[in-house]
Every structure is written in structure tokens, then in C-alpha cells.
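Please look over the sequence and the structure below before reading on. The paragraphs that follow lead through them step by step.

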Amino acid sequence: MQKERFTTVRTDSRDPDFRLLVEKLDAELSLRDGPDHSFYHQFNGIEDIDRVVVAYEGSAPVACGALKPFGGEAMEIKRMFVLQIYRGKGAAQKVIHALEEWARESGLSRCVLETGKRQPEAIAFYQKTGYVQIENYGPYRGIENSLCFEKCFEEDQ
């Protein structure tokens with residue numbers, strides 16, 4: 001039996017590995033979003049997030065994601081990030097599945113998320129993992145660069 005390359009750990013936003021990865025995410029988004037970055041940044045605070053997943057290769061943190069409450073029946077996926085050299089190798093898949101499992105265990109029926117049009121890799125990843133585009137919600141309504149997605153969970157899982 002082949003050993004899995006990545007392991008995941010459930011934690012919260014105080015985790016230093018998560019904070020390190022979020023710093024790298026913010027630096028990358030600042031370059032991609034340019035002057036729009038400060039608008040998006042206001043919705044991406046990590047204080048008091050109690051559901052965070054960090055993926056590791058050995059002891060090295062390589063990817064992360066978080067869940068924030070979104071209404072009564074859903075969680076919003078936030079701060080999804082994979083270090084550049086690990087992209088396309090299954091780390092993001094590992095994180096998103098761990099987040100979805102956590103949401104299901106909490107009795108929730110779906111996850112939602114927002115990403116930017118300047119992130120075509122993220123868009124393709126979310127579509128590949130079963131997310132469908134929905135009308136922009138909340139602070140992203142009317143924002144040209146934003147795309148929102150959701151994934152509804154099967155009742156029998």
C-alpha cells in the first residue's frame with residue numbers, strides 16, 4: 001500500500017503554519033489583484049477562525065484552507081492556498097476534501113466560496129471538484145472580478 005504524500009491537520013487560525021501560508025497567499029494575491037487587493041483583503045481576516053486545515057508533506061506545511069459560518073446551513077471556504085511547487089500534486093484536493101468532511105460532520109448541507117477571475121487555476125480546480133458557479137453573494141455582489149461557487153452535499157453520504 002502506497003503511503004499518502006500529504007497529511008492534513010485540523011487546527012484554528014492561531015496556528016503558526018497556517019499564518020505563514022496565509023502570508024504567502026496574501027503576497028501572491030497582492031500581485032494578481034493589484035489595486036483591487038485592499039478591497040478583497042477586508043473580507044479575508046483570519047482572526048477567530050476555528051476551523052482550519054493545514055496540509056503537510058512530512059513536517060513541511062504546503063497548503064491550507066479554512067471554514068467560516070455562512071448562514072445556517074453552509075460554510076464558506078476561505079484562505080485556500082498551495083505553495084507553488086506543490087500545485088497540481090494533490091495538496092489542494094486533500095485540503096478541500098478535509099474541509100468538506102468537517103462541514104458535513106457539522107450537519108451542513110453545502111459549502112460556498114469566492115475566487116477572482118484573475119485566478120484561472122483556482123476556478124478550474126473548484127469546477128473539477130464539483131463546485132458550480134452561483135450568483136455572487138454578500139460583499140461580492142456586483143463585483144466584476146469575483147466569481148462565487150457552491151457545492152451541495154448528497155444527503156446519503
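Is Cys152 buried, partly exposed or exposed? In this model, which is a predicted one, Cys152 is partly exposed, with a relative accessible area of 48%. Cys148, by contrast with that residue, has a relative accessibility of 0% and therefore counts as buried. Since a disulfide is taken here as a pair of cysteine sulfur atoms within 2.5 Å, it is useful to look at the distances as well. The count of disulfides comes to zero, and Cys152 is in none, the nearest cysteine sulfur being that of Cys111, 9.7 Å away.

From these cysteines we can step back to the whole chain. The protein contains four helices and seven strands, and when they are read from the N terminus on, the elements follow the order β-α-α-β-β-β-α-β-α-β-β. Of its 157 residues, 48% count as buried, while the accessible surface amounts to about 8,600 Å², with 51% of that area belonging to carbon and sulfur atoms. If one takes the contacts between residues at least 6 apart in sequence, 68% of them join residues that are at least 24 apart.

The interior comes next. The largest nonpolar core has 44 residues, and those that touch the most other members are Phe18, Leu67, Ile77, Met80, Cys111, Tyr126 and Tyr131. At least two residues of this core are supplied by each of the helices α1 (16-33), α3 and α4 (120-128), and likewise by each of the strands β2 (51-57), β3 (60-70), β4 (74-82), β5 (110-116) and β7 (146-152). The largest share, eight residues, comes from α3.

That helix deserves a look of its own. Helix α3 covers residues 91-105, 15 residues in all, and reaches 21 Å from its first C-alpha to its last, which is close to the 21 Å expected at 1.5 Å a residue. Its buried residues are Ala91, Ala92, Val95, Ile96, Ala98, Leu99, Glu100, Trp102 and Ala103. Just after α3 comes Gly107, which takes a positive phi of about 80°.

Cys111, already met as the cysteine whose sulfur is nearest to that of Cys152, brings several of these threads together. Leaving aside residues up to four places away in sequence, Cys111 touches Leu67, Met75, Ile77, Ala103, Tyr131, Phe149, Glu150, Lys151 and Phe153. Among these partners, Ala103 is one of the buried residues of α3, and Leu67, Ile77 and Tyr131 are listed, as is Cys111, with the core residues that touch the most other members.

Technical notes
Residues are numbered from 1 along each chain as its sequence is written. This is a predicted model: local features need pLDDT of at least 70, side-chain atom pairs count only at pLDDT 80 or more; totals for chains, interfaces and linings use all residues. Side-chain values use heavy atoms; hydrogens and water are left out. Buried means under 20% relative accessible area, exposed over 50%, partly exposed in between (1.4 Å probe, protein chains only). Contact means heavy atoms within 4.5 Å. Accessible areas come from the Shrake-Rupley method with a 1.4 Å probe; for residues, only the protein chains shown count as cover. The expected span of a helix is 1.5 Å times one less than its number of residues. A nonpolar core is a set of buried Ala, Val, Leu, Ile, Met, Phe, Trp, Tyr and Cys residues joined through side-chain atoms within 4.5 Å.
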